[in-house]
Amino acid sequence: MAVETVLLAEPRGFCAGVEMAIKALTWMVRVFEPPIYCYHDIVHNRWVVEAFERAGVVFVEDISEVPEGAAVMLSAHGSAPDVVSGAADRAAIVVDAVCPLVTKVHHEVRRMADKGFDIIYIGHEGHDEAIGTIAEAPDAITLVEPEWGLDRFDPASDGKVALVAQTTLGVYEWEGVRDAAQTRYPDLWTARRGDLCYATTNRQAAVRALSPEVDVLLVVGSETSSNTKALARVAREHGTPAYRIDSADGIDPTWLEGATTVGLTAGASAPDHLVEEVIDAIGPADGVRLVNVTDEDEYFPLPPELRKMLSVLDDLVRAGFGADRPASVLDDDRAFSATAALQALTR
Ligand code: SF4
C-alpha cells in the first residue's frame, strides 16, 4: 500500500444512544451476577457484542429464551410492545436501553395511528429498529424500502397520510421518498425536523465533505449496522468507491491500489480503537488529516430503571462513609465514556 494521507471523518463512531446503551449494559454486568440477558444485539457491532459475551451476557433473539427471574436488557434499537411486556412478565429486572430518538418515532407512530392516519414507514425490512417501530401500529403502517417508491402504499384517505422513518437511513434516500409523498399527498404529515437522527446526518455530512478529496473510502462497522452501510452508499452516490469493513483484517489490498488519499469513517456503533487499527494497517506516509464538519455534545442519561437501581445502591454504599460521603457514581456519568466502560469490561 502506498497511501500518502488518510482523511479521517469527524464526527464518526459512537453516538449518544450507543454510548448510553454500552454503559448501561456494563453497569448490569457489574451489578448483577452473570448471566445477564440482552434482547437482540445491544448495538449492531460484532466486536462490542463479543466483548459483552465474554463478560457473561447472553444475547437472545426471542424474549421467551430469557429464564424466569433473570435480569434482562432490551437493545438500543427499540423493542415491540409485546417484547417489552413479555420481558416484564418473566424477568425480575428489565432495563430498556432504547435510544430516546427511536422512542420519539414510536410516539409519532402511536399518535398518528390513533388519529386514524395511514403511515408510510421508510426503513429496511427485517431491521431490529423497523420491526420494533412497525409493531406499535402494524395495521396502520406500510413499510417502504427507499428504492421501492410508493407503489405498495394505498391509504384509505389521501388527506390522512403520515410519513415516519428509521433513524439511520441515508439522507438522500429519505428525501427521495418524502418528496414523492409530498407531491402525491399535499397534506402529508411528517415530523417537523424529520426522523433521521443527528448522528446519522452528521456522519453522512462528514462523508460528503471528504468524498471529493479521496480515492476510496473505508467505513468501519458491522454488516448489520444500517447507518454504517448508509455511509458507504452516501460516498458511492458522490462517485467515490466505498467499502465497509469490520476491522483492519477486512481490508482488501486491491481496493487501495493506486490510491494516494484514503477516507476513513465509522458507523455509530463501531469502537474507535478499530479505526486506529485501520490507520496503522494503512500506514499513510504523510499521516492523518481530520475533516470535521461539526462538534457533537449530545448526551443521553442512563435508562430511568437503571438510574433508580444505581441510586439506591449508591445511597447504601455512601451511607457507610458517614460525613465523608464520596461523590455519587451517577454524578459522573456524563464524563464516563462507553470506550472507558468497554476497557473496564475487557480488562
Ligand atoms: S444512531 Fe441515532 S437513533 Fe441510533 S442509537 Fe445512535 S443516536 Fe440513537
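Which strands and helices do the buried residues of H7 pack against? Before I answer, let me say that we are looking at a predicted model, and that everything I describe was computed from it. The buried residues of H7 pack against strand E1 (5-10), helix H6 (171-184), strand E10 (216-220), helix H8 (226-237), strand E12 (261-266) and strand E13 (288-292).

The residues of H7 that count as buried are Ala199, Thr200, Asn202, Arg203, Gln204, Ala206, Val207 and Leu210. As for the geometry of this helix, H7 has 13 residues, 198-210, and at 1.5 Å a residue these should span 18 Å, which agrees with the 19 Å found between its end C-alpha atoms.

H7 also takes us to the ligand, since H7 is one of the elements that give two or more residues to the shell around the ligand, together with helix H1 (16-31) and helix H4 (100-114). That shell holds 15 residues, and the closest to the ligand are Cys15, Gly17, Cys99, Thr167 and Cys197. H1 supplies the largest share of the shell, 3 residues. If we sort the shell by class, we find 10 nonpolar residues, 5 polar residues and no charged ones.

Let me turn to the domains. The assignment gives domain 1 as 5-14 + 198-292, domain 2 as 16-98 + 320-346, and domain 3 as 101-190. Between the centres of domain 1 and domain 2, taken over C-alpha atoms, the separation is 29 Å. Their contact takes 12 residues from domain 1 and 12 residues from domain 2, and the side belonging to domain 1 is made up of 5 nonpolar, 5 polar and 2 charged residues.

Next, the nonpolar core. The largest one has 101 residues, and those that touch the most other members are Ala24, Leu25, Ile42, Met73 and Ala97. H1, which we met at the ligand, gives the most to this core, with 10 residues. What does Met73 touch, once its neighbours within four places in sequence are left aside? The contacts of Met73 are Ala24, Leu25, Met28, Ile36, Cys38, Ile42, Val95 and Ala97.

There are also some backbone features that I would ask you to look at in the loops. A cis peptide bond, with omega of about 5°, joins Glu10 and Pro11, and Pro11 sits in the loop between E1 and H1. A second cis bond runs from Pro34 to Pro35, with omega near 0°, and here Pro35 belongs to the loop between H1 and strand E2 (36-39). His40, in the loop between E2 and helix H2 (46-54), has a positive phi of about 70° although it is not a glycine. Is His40 buried or exposed? His40 is buried, because 25 other C-beta atoms lie within 10 Å, and the cut-off for buried is 20 or more.

I will finish with Ala135, which lies in the loop between helix H5 (128-134) and strand E7 (141-144). Ala135 is classed as partly exposed because it has 18 other C-beta atoms within 10 Å. Leaving aside neighbours within four places in sequence, Ala135 is in contact with Ala80 and Pro81. Ala92, for its part, is 43 residues from Ala135 in sequence and 24 Å from Ala135 in space, C-alpha to C-alpha.

Note on methods
Residues are numbered from 1 along each chain as its sequence is written. This is a predicted model: local features need pLDDT of at least 70, side-chain atom pairs count only at pLDDT 80 or more; totals for chains, interfaces and linings use all residues. Helices (H or I, at least four residues) and strands (E, at least two) are DSSP runs, numbered from the N terminus. The expected span of a helix is 1.5 Å times one less than its number of residues. A residue is buried if 20 or more other C-beta atoms lie within 10 Å of its own, exposed if 12 or fewer, and partly exposed in between; C-beta atoms are placed from the backbone. Two residues are in contact if their C-beta atoms, placed from the backbone, lie within 7 Å. A residue is near a molecule or strand if its C-beta atom, placed from the backbone, lies within 6 Å of it. Ala, Val, Leu, Ile, Met, Phe, Trp, Tyr, Cys and Pro count as nonpolar, Asp, Glu, Lys and Arg as charged, and the others, Gly among them, as polar. Domain bounds come from an automatic or database domain assignment. A nonpolar core is a set of buried Ala, Val, Leu, Ile, Met, Phe, Trp, Tyr and Cys residues joined through C-beta atoms within 7 Å.
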